[in-house]
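User: Could you walk me through the strands in this one? I'd like short answers with the reasoning shown.

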Amino acid sequence: MLTAGSDDLPHHNPCAQCGRLIAAPVWFEKGPYRTSYLWRCVRCGYKFEAIAFFKQMNHETRATAA
Ligand SMILES: [Zn+2]
């Protein structure tokens, strides 16, 4: 099951042109440490992209054999 992350979609982003709140992005693409969202305004038809950057995951596993 690869549904992880589907709940962290942003919602109600205001249109960059007319200010109307857009319920959800029409498209998104996940990349390493970032996700691109495409928003389309239903009122004026304006499209814009927003990119969310995430903190780099700390996968450093340093075995401290003492
Ligand atoms: Zn708009």
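Here come a few questions about the sheet and one proline.

Analyst: Heads-up, this is a predicted model: local features need pLDDT of at least 70, side-chain atom pairs count only at pLDDT 80 or more, and totals for chains, interfaces and linings use all residues. Residues are numbered from 1 along each chain as its sequence is written.

User: In what order do the three strands of the open sheet lie?

Analyst: Strands here are DSSP runs of E, at least two residues long, numbered from the N terminus, and two of them pair if DSSP finds at least two bridges between them. The pairing in this sheet is antiparallel. β3 and β5 (47–53) stand at the edges, each with a single partner strand, so one side of each has no neighbour in the sheet. That gives the order β3-β4-β5.

User: Which residue of β4 is the bridge partner of Phe 28?

Analyst: β3 (residues 27–31) and β4 (residues 34–40) run antiparallel over five bridges. One of the bridge pairs joins Gly 31 to Arg 34. For Phe 28, the partner is Tyr 37.

User: Does Pro 14 count as buried or exposed?

Analyst: Pro 14 lies in strand β1 (residues 13–14). A residue is buried with 20 or more other C-beta atoms (placed from the backbone) within 10 Å of its own, exposed with 12 or fewer, and partly exposed in between. Because Pro 14 has 12 C-beta neighbours inside 10 Å, it counts as exposed.

Terms used:
Helices (H or I, at least four residues) and strands (E, at least two) are DSSP runs, numbered from the N terminus.
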